[in-house]
Amino acid sequence: MIIAIDGPAAAGKGTLARRLAAHFGLNYLDTGALYRAVGWAVVRAKGDPADPVAAEAAARALDPAGLSSPDLRTETAGQAASKVAAIPAVRAALLEFQRAYATRAPGAVLDGRDIGTVVCPAAEVKLFITASVECRAARRLKELLDKGESAIGERVLEEMRERDARDRARSVAPLVPAADAVVLDTTELNAEAAFAKAVAIISERRPAG
Ligand code: CDP
C-alpha cells in the first residue's frame, strides 16, 4: 500500500506521516528532505539555489545517507529547497529515487508536495494536509524556539507566505491537492486528533487483506 501525504509547509505532514507509517507497518520517506539536501548542498558550496546548472548537479550527486542532518531543518535550507524544487531537471533527477522507494515492499508513506499528483498518482490513499498560514507559522515558530533557535514570529510568517507562493505558483508540479485526495484541515486539530482522523480515512479506503 502507498499513502501519499501532501500539503503546504508546517501543516503537520511529517509528524502525521511518520506515525501513520509506524501504525500501518510501512516505510516512510520525507521527500522534502531530498529537496532540502539539494538546496543546502548548493548553499554550502556558495552557489545560488535558483541556478539550474548548480542545482541539477547537486540533485544528481545527492547521497541519501545524509538526509537526517539537522542542518536540513533550518529556514535557510527550507527556502533553498523551494528554489531548487522549482527547477524541472532537479525534480526529474529525484523522481526515480522516490518511485523506487515507494514501490519497495511492504509499501510506504511519502510526504511532500506532489506525491499524489506526480510521484505516486496511483497511491491507494491520498491525503492533503493543510492549516491556516497563521497556524502553520505559529507551529514552525514553536518548533524553532523548542530547538533553542532564535526566531521572530513575523519573519517566520513572512517566509512561510513566500515559500507557499513559490510552491503554488511554479509551473512544474505545483502544490495542489490531487483530484482524488481527501483534504484534512488541521487548524483546529492537535497532532493526536489529526492522526485519529487520518487512520479513519485510511482504514476506510485501504484495499482489503
Ligand atoms: O517541512 P516543511 O513542510 O517546511 O517543508 P518540506 O516538506 O521539508 O519541503 C521543503 C521544500 O521542498 C518545499 O517548500 C517545496 O518547495 C519542496 N518540496 C517539493 O517541491 N516537492 C516535494 N515532494 C517535497 C518538498
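**A parallel sheet, its helices and two pockets**

In this predicted model, P106 sits in the loop that joins α5 to β3. The peptide bond leading into this proline, from A105 to P106, is cis, and its omega is near 0 degrees. The loop makes a convenient starting point for a tour of the sheet.

Five strands build an open sheet with parallel pairing, and their order is β2-β3-β1-β4-β5. The edges are taken by β2 (27-30) and β5; each has a single partner strand, so one side of each lacks a neighbour in the sheet. From one strand to the next, the twist averages 20 degrees.

At the β2 edge, β2 pairs with β3 (residues 108-112) in the parallel sense, and the pairing runs over 4 bridges. Within this pairing, Y28 has V109 of β3 as its bridge partner. Two helices accompany this part of the sheet. Helix α5 (residues 88-103) packs on the sheet, where it touches β1 (2-6), β2 and β3, and its direction makes about 160 degrees with that of β2. Helix α2 (residues 31-44), for its part, lies across β2 and β3 and runs at about 40 degrees to β2.

At the other edge, β5 pairs with β4 (residues 125-130), again in the parallel sense and over 4 bridges. Here I129 finds its bridge partner in L184 of β5. The side chains of β5 (residues 182-185) follow a pleasingly regular pattern: V182 and L184 point to one face and are buried, whereas V183 and D185 point to the other face and are not buried. L184 thus appears twice in this description, as the bridge partner of I129 and as one of the buried side chains of β5.

Two alanines in loops deserve a look for their backbone angles. A10, in the loop between β1 and α1, has a phi near 60 degrees, a positive value in a residue other than glycine. A10 is also buried, its relative accessible area being 13%. A173 belongs to the loop between α8 and β5, and its phi, near 45 degrees, is likewise positive in a residue other than glycine. With a relative accessible area of 12%, A173 is buried too.

Turning to the pockets, the largest one has a volume of about 1000 Å³. Its lining comprises 45 residues, and those nearest the centre are K13, G14, T15, R73 and R140. Many elements take part: α1 (13-24), β2, α2, α4 (75-84), β3, α7 (133-146), α8 (153-169) and α9 (191-205) each give two or more residues to the lining. By character, the lining of the largest pocket divides into 17 nonpolar, 12 polar and 16 charged residues.

The second largest pocket has a volume of about 180 Å³. The residues that line this pocket are A37, W40, A41, R44, A58, A61, L62, D63, G66, S69, D71 and L72. Helix α2 supplies the largest share of this lining, with 4 residues. Of the residues lining the second largest pocket, 7 are nonpolar, 2 polar and 3 charged. Helix α2 therefore links several parts of the picture, as a helix lying across β2 and β3, as one of the elements lining the largest pocket, and as the main contributor to the lining of the second largest.

Conventions. Residues are numbered from 1 along each chain as its sequence is written. This is a predicted model: local features need pLDDT of at least 70, side-chain atom pairs count only at pLDDT 80 or more; totals for chains, interfaces and linings use all residues. Side-chain values use heavy atoms; hydrogens and water are left out. Buried means under 20% relative accessible area, exposed over 50%, partly exposed in between (1.4 Å probe, protein chains only). Two strands pair if DSSP finds at least two bridges between them. Axes are lines fitted to C-alpha atoms, for helices over the stretch in contact, and angles run from 0 to 180 degrees between N-to-C directions. Contact means heavy atoms within 4.5 Å. On a 1 Å grid over the protein atoms alone, a cavity is a set of points where a 1.4 Å probe fits but cannot get out, and a pocket is an open set with protein on both sides within 12 Å along at least five of seven lines; lining residues have an atom within 4 Å of a point. Grid points are joined across faces, edges and corners, and a volume is the space filled by probe spheres set on the points. Ala, Val, Leu, Ile, Met, Phe, Trp, Tyr, Cys and Pro count as nonpolar, Asp, Glu, Lys and Arg as charged, and the others, Gly among them, as polar.
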